[in-house]
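Visitor: I am new to this structure and would be grateful for a close look at a single part of it. Please describe that part and then how it sits among its surroundings.

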Amino acid sequence: MDTETPIKEVIEEIKEFGGDAVKYCYQCGKCDTVCPWNKVINFSIRKLIREATFGIPEIELEEVWRCTTCGKCPQECPRDVKQIDDVVAMRRIAAEYGVSSTLLKPVRSASASLAAEGNPFVQERSKRRDWTNGYNVKTFSEEMEILYFPCCYVSYDQRLMEIARATVTILQKAEVDFGILGTEENCCGESIRKTGNEEVYKDLARENIKTFIDHGVKRILVSSPHCYETFVNEYPEFKASFEIVHITQYLLELINEGRIQINKEYPKKVTYHDPCYLGRHNGIYEEPREILKSIPGLKFAELPDSHKDSLCCGMGGGRIWIDTKMPERFSNLRMEQAIELKSEVLVTACPYCIDALEESRSGLNYEDKILVKDITEILQEVI
Ligand code: SF4
Ligand code: SF4
């Protein structure tokens, strides 16, 4: 591909995204020292930023698609260079210029499916609420307490729909008056936006916002930190304002209000993996820990690389659709850390993380040694 043509646009687009800060980069390399890619391969975000400063990032190479938008390097950068905005801007240019490679085939398929069916799996919209079969879940109406927005992965993936079912079981036990939007729900659009596909993101966001307003939604409960991120930090660009709660916040609220009674023990050694979009991007660290520590019998152990230093699972930034070679998966390193701690259960609070960690658990043959669970799956067992 000819890299001459887009030079001007690259610089303009990067500026448009607040990436004007690229010019402040003084090449200290701190970003590279914290980037999780450097635990598995050689990758330099510093080099990409350098190329962007000159308007010559090689947008046709995999390097531009590596960043998982984990948020680790921006928090370390002494010059406040917005690396994630810069990378997304480069991807927007690549999308605009139709850069094609086998690597991006699944992203294109996800994008087409999101535009047609509101989910990235090439699955029919009519099947979006099939996970509720046998669970008596109502459609949301205005007088209800809260809207539950499960997300695409939790609605369609057989393993991940266990998260939605556990959530519903808990909400029903706590007598929460809630409903879902079912076939009217669309992907929140967070991941497709990170791949540079702004138009599909905007269409999904506008449609969701219209549906929320039409149904009189005020408070929204989400399972995925990626939905949380986009509803809290990105939908306000459309002047839309709703109260968003992540399930970890809501469960703690229900426990503190006495609406959930924990009455069983969970006598296992448990550790918690901080999802990037819950922790680093949104500062929710303590709620999941408080919930776990309130369960009798549960022995809590902290992983290395926790809280703001959490190790990314590898699935953010659209990487959930891009195949990562087995030896390059960060989730393998996370799994090894949990095994090292002799944890019996690795708990997290993000469907993307569960997906990555379950794959590592089976890929590394640890099925007999450790379980991977969403926090809702633990709680439903003890109430
Ligand atoms: S940490 Fe910031 S200033 Fe240092 S090389 Fe990376 S982007 Fe540049
Ligand atoms: S955001 Fe995370 S994955 Fe992306 S370059 Fe920075 S440290 Fe690496």
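Guide: Asp309 lies in the loop that runs between strand S6 (299-301) and helix H15 (330-340), in a model that is predicted. Asp309 has 14 C-beta neighbours inside 10 Å. A residue is buried at 20 or more such neighbours and exposed at 12 or fewer, so Asp309 counts as partly exposed. Its C-alpha is 7.2 Å from that of Lys72, although 237 residues separate Asp309 and Lys72 in the sequence.

The part that I propose to examine closely is helix H12. Helix H12 spans residues 225-234 and is mostly covered, with seven of its 10 residues buried. The buried residues are Pro225, His226, Cys227, Tyr228, Glu229, Thr230 and Phe231. They pack against three strands, S1 (146-149), S3 (219-222) and S4 (243-246), and against two helices, H10 (190-194) and H16 (351-363).

The three strands belong to an open sheet of four, in which the order is S2-S1-S3-S4 and the pairing is parallel. Strand S2 (178-179) and S4 are the edge strands; each has a single partner strand, so one side of each is left without a neighbour in the sheet. Between S1 and S2 the parallel pairing rests on two bridges, and Ile146 has Phe178 of S2 as its bridge partner. H12 packs on this sheet, where it touches S1, S3 and S4, and its direction makes about 160° with that of S4.

The wider setting of H12 follows from the division of the protein into domain 1 (7-96), domain 2 (104-254) and domain 3 (260-382). The C-alpha centres of domain 2 and domain 3 are 22 Å apart. In the contact between these two domains, domain 2 takes part with 35 residues and domain 3 with 29 residues. On the side of domain 2 that touches domain 3, H12 is one of the elements that supply at least two residues each, together with helix H7 (105-117), helix H8 (152-156), helix H9 (161-173), H10 and helix H13 (247-256). H9 gives the most to this side, namely seven residues. By class, this side of domain 2 comprises 20 nonpolar, 10 polar and five charged residues.

Terms used
Residues numbered from 1 in each chain as written. Chains lettered and ligands numbered in written order. Predicted model: local features only at pLDDT ≥ 70, side-chain atom pairs only at ≥ 80, totals over all residues. Contact = placed C-beta atoms within 7 Å. Pairing = 2+ DSSP bridges. Axes fitted to C-alpha atoms, helices over the stretch in contact; angles between N-to-C directions. Domains from an automatic or database assignment. Nonpolar A, V, L, I, M, F, W, Y, C, P; charged D, E, K, R; others polar.
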